[in-house]
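Q: I'm new to this structure and would like a close look at one part of it. Could you walk me through that part slowly and then place it in the rest of the model?

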There are 2 protein chains.
Amino acid sequence: VSLSTDSVWVDGTLANSVPADDRGLNLADGVFETLRVEEGKVALANSHRDRLGRGLKLLAFSEPDEQAENALKLAVDALNEALPNATGSLRVTVTRGSGPRGYAPPDNPQIRVISRFAKGLPVAAKPARAAVSPIFWAEQPQFAGAKLLARTEQVMALNWAKQAGYDDAVMTTADGRCISTASGNIFCRQGQDLFTPRLTSCGIAGTRRRAIVDYWAQALGYTVAQTDITVDQLDSFDEVFSCNAIQGVRSLAAIDAFTFGDHSAALALAPCIHGEYPL
Amino acid sequence: VSLSTDSVWVDGTLANSVPADDRGLNLADGVFETLRVEEGKVALANSHRDRLGRGLKLLAFSEPDEQAENALKLAVDALNEALPNATGSLRVTVTRGSGPRGYAPPDNPQIRVISRFAKGLPVAAKPARAAVSPIFWAEQPQFAGAKLLARTEQVMALNWAKQAGYDDAVMTTADGRCISTASGNIFCRQGQDLFTPRLTSCGIAGTRRRAIVDYWAQALGYTVAQTDITVDQLDSFDEVFSCNAIQGVRSLAAIDAFTFGDHSAALALAPCIHGEYPL
């Protein structure tokens, strides 16, 4: 059993494997965060902690906020001890730990923290050519916004995009409301007004999306609104871009036949997006 | 790192752990079957193979039917070699194997087969007291029927039921159509007529559900229809029961305030449900 060249820790100890009875593996019973680490420091750590805590609470973990904080600390401390001042992506997975066969959680689950560090960060990518994915988001308001381990729709949307020769996919609900790209949130701009889909029924509430909505849009002179955006409306925007914690901001050059040549908001946001802001 | 007392194989070799970069763990990128094994023989093996193949096809695996057949053979052969003539449940998980960070499947994924055997089978349980779960199924017709690794809704529904003091939960869509119990399919009976929810938008297409729909209902003198059943309609039935591959048929004594005292169809089906029938 050999692993890739990434470094992996299980509950803070270097390891290359996870017990086969882990409920994360067997039932997707857990959540995760992917942290951007620059010279040993996590960008927007508090936002990641907040979302992780909310996810654990939705899964009825016993002390979600404390468990979230502890999990991130455990993972980051282990990284910094083994690889001081490292730069790369650190994925932190928190599962309900081991359990017997069946769906029911154990009475006293011992949560498991699996962290995985990949050295290096992507360089700025050229504007993406995207298409609207035929694989759509199921609407599940009870878990909307959380970064659950269950990511089938995004995996299949990105797989479809790759096969079809696109860089990324725009994902919608079954009735054609845009929600995200396959691996990030999406923003559309008309003049000085930014719009991003409401995530009340599905989608992941990204830390960079939050940074734009809560702070950077206004700081850079834009308005921002969370709203419904249908596929048909995409043509009416001057600019579309995606964002996530590792890639940062990425412009979209095209979504199917709609093309976008103005990337001014993405260019303005890119240098800010991983930076701390007053929460 | 210690595992429970179950026996586990990874790709047919005894093991107690799985590589931490497995996409099943990281992204729920896989499917599973839980087989009832009696004295070394799998009940309804062909139905499990069919569903596993369909699930792998929905996940765009390269040779889904062949991979499904091979995975089940690998798991069952390993079990029979290590523990001849065993009786118990054998869970077979098929994932897209290891991969680097990110959602995109690797170009040439090496699938991984994780199998786990728990000795013993449950004895017939007394009729279950159930309640309608506040956690509902998201509608996702693109993956409906498949037994994906992503089982958050059922985990949380069963967790809710346990906390609330019930044996099981009836799970619905957001608009109140019954789909399943937390860990099995559901049938309702009115006189000689059996009804089970259509699974076109969500739910798992159980092997025992299939056995009843395709063969046993008619063989025992019942009609059977796949239809919509709302929570409000449950009161109009003479009998309600659930079924799955391990428990078999289980009567429901109550769903919230609705009670069911007649368990005649469940009693008639119970001795047949794991038996082979002309496909």
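A: Let's start with β4(A) and β5(A), which run antiparallel and are joined by two bridges. One of the pairings to look for is Glu38(A), whose bridge partner in β5(A) is Lys41(A). Together β4(A) and β5(A) make a hairpin, with two residues between them. Keep in mind that everything here is read from a predicted model.

Now zoom in on the turn of that hairpin. Glu39(A) sits there, in the loop between β4 and β5 of chain A. Its phi is positive, at about 50°, although Glu39(A) is not a glycine. That's worth a second glance, because most residues other than glycine have a negative phi. Is Glu39(A) buried or exposed? Its relative accessible area is 59%, and the cut-off for exposed is over 50%, so Glu39(A) counts as exposed.

Slide back from the turn into the strand itself. β4(A) covers residues 30-38, and eight of its nine residues are buried. So the hairpin joins a mostly covered strand to a turn where Glu39(A) is exposed. As a rule of thumb for following any regular strand, the side chains alternate between the two faces of the sheet.

β4(A) has another partner too: strand β6 (residues 88-95) of chain A, which pairs with it in the antiparallel sense over eight bridges. If you want a landmark along that pairing, find Phe32(A), which stands opposite Thr93(A) in β6(A).

Step back a little and you can see where these strands belong. They're part of an open sheet of six strands in chain A, with the order β2-β1-β7-β6-β4-β5 and antiparallel pairing. The edge strands are β2 (13-14) and β5 (41-42) of chain A, each of which pairs on one side only. That puts our hairpin strand β5(A) at one edge. Over at the other edge, β2(A) pairs with strand β1 (residues 7-10) of chain A, again in the antiparallel sense, over two bridges. There, Val10(A) stands opposite Thr13(A) in β2(A).

Between β1 and β6 in that order comes β7. Strand β7 of chain A takes in residues 112-119, and Phe117(A) is one of them. Why does Phe117(A) count as buried? Its relative accessibility is 2%, and buried means under 20%, so it falls below the cut-off. Leaving aside neighbours within four places in sequence, Phe117(A) is in contact with a long list of residues, including Trp9(A), Val37(A), Leu79(A), Leu83(A) and Leu90(A). Val37(A) brings us back to the strand we began with, since β4(A) spans residues 30-38. For a sense of distance, take Leu194(A): it is 77 residues from Phe117(A) along the chain, and their C-alpha atoms are separated by 33 Å.

Chain B has a hairpin you can set beside the one we started from. There, β1(B) and β2(B) form a hairpin with two residues between them, and Asp11(B) in the turn has a positive phi of about 50°. These two strands pair in the antiparallel sense over two bridges, and Val10(B) stands opposite Thr13(B) in β2(B). β1(B) is also joined by four bridges to strand β7 (residues 112-119) of chain B, and those two run antiparallel. Along that pairing, Val8(B) stands opposite Arg116(B) in β7(B).

One more positive phi turns up in chain B. Leu44(B) has a phi of about 55° although it is not a glycine, and its place is the loop between β5 (41-42) and α2 (45-58) of chain B. Unlike the exposed Glu39(A), Leu44(B) counts as buried, with 3% relative accessibility.

Finally, zoom all the way out to chain A as a whole. Its secondary structure comes to six helices and 16 strands, and 57% of its 279 residues are buried. The C-alpha trace spans about 50 × 40 × 35 Å along its principal axes. With 279 residues, a compact globule would have a radius of gyration near 19 Å, and chain A agrees with that at 19 Å. Among the contacts in chain A with a separation of 6 or more, 72% come from residues 24 or more positions apart.

Conventions
Residues numbered from 1 in each chain as written. Chains lettered and ligands numbered in written order. Predicted model: local features only at pLDDT ≥ 70, side-chain atom pairs only at ≥ 80, totals over all residues. Heavy atoms only, no water. Rg over C-alpha atoms; globule rule 2.2 N^0.38 Å. Buried < 20%, exposed > 50% of the residue type's maximum accessible area, 1.4 Å probe, protein only. Contact = heavy atoms within 4.5 Å. Pairing = 2+ DSSP bridges.
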